[in-house]
Amino acid sequence: TQCASQDFDFFYFVQSWPGSYCDTKRGCCFPSTGKPRADFGIHGLWPNYKDGSYPSSCDRDSLYDPSMLSDLKWDLQKNWPTLACPSGNGDAFWGHEWNKHGTCSESCLNQHDYFASALKLKRKINLLRILANSGKIYDLAHEQRIQPSEQASISRSFSAIYILLLIRMVLKCVCAGIKPDGRFYSLNRIKKAIREATGFIPGIQCNVDGDGNSQLYEIYICVDVNGSELIRCPVLPRQRCKSTVEFPYFGAIGENSST
Ligand code: 5GP
Ligand code: 5GP
Ligand code: 5GP
């Protein structure tokens with residue numbers, strides 16, 4: 001690998017759902033640059049050990065330097081928004097992540113490449129799309145390793161395979177995707193959707209809204225020490241989710257909802 005001298009075993013790439021971050025007693029503040037999109041945002045890229053422990057704040061001399069990230073600024077604002085109060089432009093959050101986590105993988109990724117790697121992973125793993133598409137015929141076809149050329153001919157001619165897939169879909173009772181619509185979804189279904197799309201079981205963390213509901217908060221995906229390839233998680237974070245979890249709104253419809 002590029003970084004033979006690394007002192008950690010893998011990364012957790014962690015994305016959080018803004019609706020769940022905001023929908024707690026503590027609330028949130030939108031960034032000074034504007035309200036984030038209704039999409040998962042990056043929380044961090046965290047070096048970790050196989051036993052579940054992790055190093056932190058590894059190099060107090062390596063200061064966060066926003067001038068190294070000027071080419072990524074727009075991308076960071078869009079995909080790694082800060083929601084803590086008071087409102088900020090992001091540097092406090094990114095600086096915290098660099099100091100606490102990024103400095104522990106410095107032998108593999110310098111400051112620019114650390115942030116660039118996280119942004120690249122975000123582009124590769126579109127959680128909102130993965131969840132929304134779960135249970136669709138396309139995914140069942142995908143699961144059965146039907147080639148794109150076959151898929152095309154299947155959709156043209158109403159073939160036997162297509163009917164079998166339909167029957168299978170009905171039998172499995174998976175009829176709609178997982179969307180941030182304020183409804184409750186089975187945690188296993190969420191995990192399965194991500195496993196089918198990425199190949200690996202993710203870690204999931206929940207938090208609690210004002211009414212005490214367990215809600216989908218963070219998704220942990222494991223990545224190799226180069227910060228590029230997804231891997232099977234050596235260890236998953238201790239889970240605090242109920243077996244069904246709310247996927248709250250974060251958008252125009254849910255803006256003023258109190259639940
Ligand atoms: P919380 O207690 O809210 O889950 O985590 C607080 C902070 O501790 C996280 O934002 C992160 O910085 C760090 N942290 C929590 N769990 C893990 C973990 O499993 N691995 C790493 N590397 N950091 C973690
Ligand atoms: P971690 O949880 O990674 O240790 O710490 C996150 C730190 O960054 C917290 O101190 C929090 O106040 C700050 N922060 C700034 N913006 C955000 C945000 O949008 N989400 C989270 N989880 N923390 C943020
Ligand atoms: P940080 O210390 O390390 O201040 O935050 C600790 C935890 O509290 C983080 O895991 C973060 O998710 C959460 N947190 C920090 N600031 C805020 C905030 O302004 N609003 C909400 N809802 N959570 C926050």
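**Note on the predicted model: helix H9, two ligand sites and selected residues**

1. The helix H9 has buried residues whose cover includes helix H5 (127-133), strand E3 (184-186), strand E4 (203-208), strand E5 (214-223) and strand E6 (244-246). The structure discussed here is a predicted model. The buried residues in question are Leu187, Ile190, Lys191, Ala193, Ile194 and Thr198. They lie on the same side of H9, because they cover an arc of only 160° around the axis.

2. The dimensions and ends of H9 may be considered next. H9 runs over residues 187-198, which makes 12 residues. Its first and last C-alpha atoms are 17 Å apart, close to the 16 Å expected at 1.5 Å a residue. At the N-terminal end, serine 186 acts as a cap, with a side-chain oxygen 3.3 Å from the backbone nitrogen of asparagine 188. After H9 comes glycine 199, which has a positive phi near 95°.

3. Some totals place this helix in context. The chain contains 9 helices and 6 strands. Of its 259 residues, 46% are buried. When contacts between residues at least 6 apart in sequence are considered, 78% of them join residues at least 24 apart. The chain exposes about 13500 Å², and carbon and sulfur atoms supply 53% of this area.

4. Which residues surround ligand 2? They are Tyr21, His43, Pro81, Thr82, Leu83, Ala84, Phe93, His96, Glu97, Lys100, His101 and Tyr217. Three polar contacts can be described for oxygen atoms of this ligand. One pair involves an N or O atom in the side chain of histidine 43, at 3.0 Å. Another involves a backbone N or O atom of leucine 83, at 2.6 Å. In a further pair, an N or O atom in the side chain of glutamate 97 is 2.5 Å from a ligand oxygen. On its own, ligand 2 has 480 Å² of accessible area, of which the protein covers 70%.

5. Helix H3 (residues 91-100) deserves attention here, for it gives the largest share of the shell around ligand 2, namely 4 residues. The buried residues of H3 are Phe93, Trp94, Gly95, Glu97 and Trp98. These buried residues pack against strand E2 (41-48), helix H2 (73-79) and helix H4 (111-124). Glu97 therefore appears both among the buried residues of H3 and in the surroundings of ligand 2.

6. Ligand 3 has its own set of surrounding residues: Tyr21, Thr24, Arg26, Gly27, Ala84, Cys85 and Tyr217. A polar backbone atom of tyrosine 21 is 3.0 Å from a nitrogen atom of the ligand. The side chain of threonine 24 has an N or O atom 3.2 Å from a nitrogen atom of ligand 3. For cysteine 85, a polar backbone atom is 3.2 Å from an oxygen atom of ligand 3. The protein buries 55% of the 480 Å² that ligand 3 exposes when taken alone.

7. Cysteine 85 also takes part in a backbone feature. The peptide bond that joins cysteine 85 to proline 86 is cis, with omega about -5°. Proline 86 belongs to the loop between H2 and H3.

8. Is glutamine 15 buried or exposed? Glutamine 15 has a relative accessible area of 1%, which means that it is buried, and its place is in strand E1 (residues 10-16). Apart from neighbours within four places in sequence, glutamine 15 is in contact with Phe40, Gly41, Ile42, His43, Lys122, Ile125, Leu127, Tyr217, Glu218 and Ile219. Among these contacts are His43 and Tyr217, and both residues are found around ligand 2.

9. Lysine 179 lies in the loop between helix H8 (160-172) and E3. Its relative accessibility is 41%, so it counts as partly exposed. Not counting residues up to four places away in sequence, lysine 179 touches Ala132, Tyr185 and Phe247. The C-alpha atoms of lysine 179 and isoleucine 130 are 10.0 Å apart in space, while the two residues are 49 apart in sequence.

10. A final point concerns serine 57, in the loop between E2 and H2. Although serine 57 is not a glycine, its phi is positive, about 45°. With a relative accessible area of 26%, serine 57 is partly exposed.

Technical notes:
Residues numbered from 1 in each chain as written. Chains lettered and ligands numbered in written order. Predicted model: local features only at pLDDT ≥ 70, side-chain atom pairs only at ≥ 80, totals over all residues. Heavy atoms only, no water. Helix = DSSP H or I, 4+ residues; strand = E, 2+ residues; numbered from the N terminus. Buried < 20%, exposed > 50% of the residue type's maximum accessible area, 1.4 Å probe, protein only. Contact = heavy atoms within 4.5 Å. Areas by Shrake-Rupley, 256 points an atom, 1.4 Å probe, with all protein chains shown as cover. Expected span 1.5 Å × (residues − 1). Arc of directions from axis to C-beta. Polar contact = N/O pair within 3.5 Å; in protein donor to acceptor, adjacent residues only side chain to side chain. Near = heavy atom within 4 Å.
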